[in-house]
Amino acid sequence: MFSNAEIGIDLGTANILIYSKSKGMLLNEPSVVAYNTETQTVVAVGKEAKEMVGKTPKHIIPVRPLRDGVIADYDLTAQMLKELLKKVSKKSGMSMRKPTVVICTPSGSTSVERRAIHNAVKSYGARNVHLIEEPIAAAIGADLPVDEPIANVIVDIGGGTSEVAIISFGGVVSCKSIRTGGDVMDEEIIHYVRKEYNVLIGERTAEEIKMEIGYALIDHPEVTMDVRGRDMVTGLPKTIELKSTEVQSAIKESLEQLLETIRATLEDCPPELSGDIVDHGVILTGGGALLNGMQEWLSNEISVPVHMAPSPLESVAIGTGKSLKMIQKLQKASTN
C-alpha cells in the first residue's frame, strides 16, 4: 500500500521538512551534515549535526550543503536526503520505496539549480519528482485560494532567501527574490558584536540572540541577554550583556532590504489585482516571519493588512504535500 508513498519536501537552507498527506509532518530538522574528511563518510545529519556546529575536532566538519536556497554541495545534499528519508521511514513506519516526491525550488533558481535538486531526489530512488515554486507551495500551505483569479501575496522569509510573490490563478504574476534571510541577519549580529565588543560569537549563538531579543524596526520595551563568546584581545571566554535595541540596529539593513523588495513587487502588480491586495493583504510565512514585531512593522510600512500564516515554519512543506492533487492544474498554469 505504501510502496508509492506521496511526500512533499521543503528543501530549505536552514531546515528540511518532510510532509505526507496521510500522516502530516514527518520530519523537521536542520539542513546540516557532519562529514568525516578522513573516512569520507557522513557522521550525522539534522539535529545531531547542528549540535556539533563549532564544537568538532578538525577531521569532522559540519556542513550546510544548501546555501542561499540552492544546492551548494550536490553529493552531500543527496546523502543528507537519503539519511533523512531513512529516518522518516523508521519513525513513521511508512515504506519509502519509490516515493512520489514534490519538492520546492526558489522562484529565482536557474534551470541548472532545478536540475540539481531534481537529480538529488531522483538518485534516492523516487518514482516521480515534481518541482513546485516555493511561493506557490507556501501559499497552498497557508490555505490561500491559489487557483482562483484573486491576488494572493506571499512574503516567505527563509534562512537563505526571502521571496515576495503575487500569485493568481495557480501561477506567479510577479515575484522578487533576494538572498537575504535569517542567515544574513545572524552574520550581521556576529559582525556587530565583534565590532562593538571585540568578542567573537558563533552562528548558533547569533541565531539564539536573534530569536530571543531580535526585533523588527518597531518601538519596544528594551530587553537584555547575556552572551558568551571569545574576547579577541585576551583570547579568553567573556560574557557581555546585549540589548535588544543593539540587535535591532545590527539587522536594520536586512529588514530594510526586505521591505524594499516587498514594495518593488507590489509596484509590479497589475492594477486589477491591486484592489484584491487591499482587501486580502499580505501573508507572512517562513521562519523569519517569527521575528518579534515583524507583522506589526510591515503593516505600518506598507499600509495593507499583514497576516501570519497558520504555521509559518511549516507552510512550504505542507503546501508541497497538499499540492500533489493540484500539480496537474499548476503545471498547466505555468506552461500556459
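**Exercise 1. Strand β4 and its surroundings**

Determine whether the faces of β4 are covered or open, and name the residues that decide it.

*Solution.* This is a predicted model.
- Step 1: take one side of β4, which carries Val 33 and Tyr 35.
- Step 2: take the other side, which carries Ala 34 and Asn 36.
- Step 3: check burial. All of these residues are buried, so both faces of β4 are covered, buried meaning under 20% relative accessible area.

**Exercise 2. The sheet around β4**

Work out the strand order of the open sheet that holds β4, and say which strands lie at its edges.

*Solution.*
- Step 1: list the pairings of β4. Residues 33–36 form this strand, and 4 bridges join β4 to β5 in the antiparallel sense. Another 4 bridges join β4 to β6, again antiparallel.
- Step 2: write the order. The sheet has 3 strands and reads β5-β4-β6.
- Step 3: find the edges. β5 (41–45) and β6 (60–63) each pair on one side only.
- Step 4: add the twist, which averages 30° from one strand to the next.
- Step 5: place the helix. α2 (residues 74–92) packs on this sheet and touches β4, β5 and β6. The direction of α2 makes about 50° with that of β5.

**Exercise 3. Register and turn**

Give the partners of Tyr 35 in β5 and of Ala 34 in β6, then describe the β4–β5 connection.

*Solution.*
- Step 1: on the β5 side, Tyr 35 has Val 42 as its bridge partner.
- Step 2: on the β6 side, Ala 34 stands opposite Pro 62.
- Step 3: follow the chain from β4 to β5. The two strands form a hairpin with 4 residues between them. In the turn, Gln 40 has a positive phi of about 55°.

**Exercise 4. The mixed sheet**

Lay out the open sheet of 5 strands and locate the helices packed on it.

*Solution.*
- Step 1: the order is β13-β12-β11-β17-β18, and the pairing is mixed.
- Step 2: the edge strands are β13 (171–178) and β18 (306–308).
- Step 3: the twist averages 20° from strand to strand.
- Step 4: examine one pair. β12 (residues 162–168) and β13 are antiparallel, with 7 bridges. Within this pair, Ser 162 stands opposite Ile 178 in β13.
- Step 5: add α9 (residues 271–280). This helix touches β11 (152–157), β12, β13, β17 (282–285) and β18. The direction of α9 makes about 115° with that of β12.
- Step 6: add α10 (residues 294–302). This helix touches β11, β17 and β18, and its direction makes about 160° with that of β18.

**Exercise 5. A crossover**

Identify the handedness of the unit made by β9, α3 and β10.

*Solution.*
- Step 1: confirm the strand pair. β9 (residues 100–105) and β10 (residues 128–133) are parallel over 6 bridges.
- Step 2: fix the register. Cys 104 has Ile 132 in β10 as its bridge partner.
- Step 3: insert α3 (residues 111–122). With β9 and β10 this helix makes a right-handed β-α-β unit.

**Exercise 6. Two packed helices**

Classify the packing of α5 and α8, and list the residues that meet.

*Solution.*
- Step 1: recall the two descriptors: packed helices are described by the angle between their axes and the distance between the axes.
- Step 2: read them off. The axes of α5 (residues 182–197) and α8 (residues 252–267) come within 9 Å and cross at roughly 155°.
- Step 3: apply the cut-off. Angles over 145 degrees count as roughly antiparallel, so α5 and α8 are classed that way.
- Step 4: list the contact. From α5 come Val 184, Met 185 and Glu 188; from α8 come Glu 253, Ser 254 and Leu 255. These contact residues divide into 3 nonpolar, 1 polar and 2 charged.
- Step 5: zoom in on Ser 254. Its relative accessibility is 1%, so Ser 254 counts as buried. Beyond its neighbours within four places in sequence, Ser 254 is in contact with Thr 180, Val 184, Met 185 and Glu 188.

**Exercise 7. Two further buried sites**

Assess the burial of Ile 71 and of helix α11.

*Solution.*
- Step 1: locate Ile 71 in strand β8 (residues 70–71).
- Step 2: Ile 71 has 17% relative accessibility and therefore counts as buried.
- Step 3: leaving aside neighbours within four places in sequence, the contacts of Ile 71 are Pro 65, Leu 66, Thr 77, Ala 116, Ile 117 and Ala 120.
- Step 4: turn to α11 (residues 315–322). This helix is mostly covered, with 7 of its 8 residues buried. Among them are Val 316, Ile 318 and Thr 320.

Conventions: Residues are numbered from 1 along each chain as its sequence is written. This is a predicted model: local features need pLDDT of at least 70, side-chain atom pairs count only at pLDDT 80 or more; totals for chains, interfaces and linings use all residues. Side-chain values use heavy atoms; hydrogens and water are left out. Buried means under 20% relative accessible area, exposed over 50%, partly exposed in between (1.4 Å probe, protein chains only). Two strands pair if DSSP finds at least two bridges between them. A crossover is right-handed if, with the strands pointing away from the viewer, the path from the first strand over the helix to the second runs clockwise. Axes are lines fitted to C-alpha atoms, for helices over the stretch in contact, and angles run from 0 to 180 degrees between N-to-C directions. Angles under 35 degrees count as roughly parallel, over 145 as roughly antiparallel, 65 to 115 as roughly perpendicular and the rest as oblique. Contact means heavy atoms within 4.5 Å. Ala, Val, Leu, Ile, Met, Phe, Trp, Tyr, Cys and Pro count as nonpolar, Asp, Glu, Lys and Arg as charged, and the others, Gly among them, as polar.
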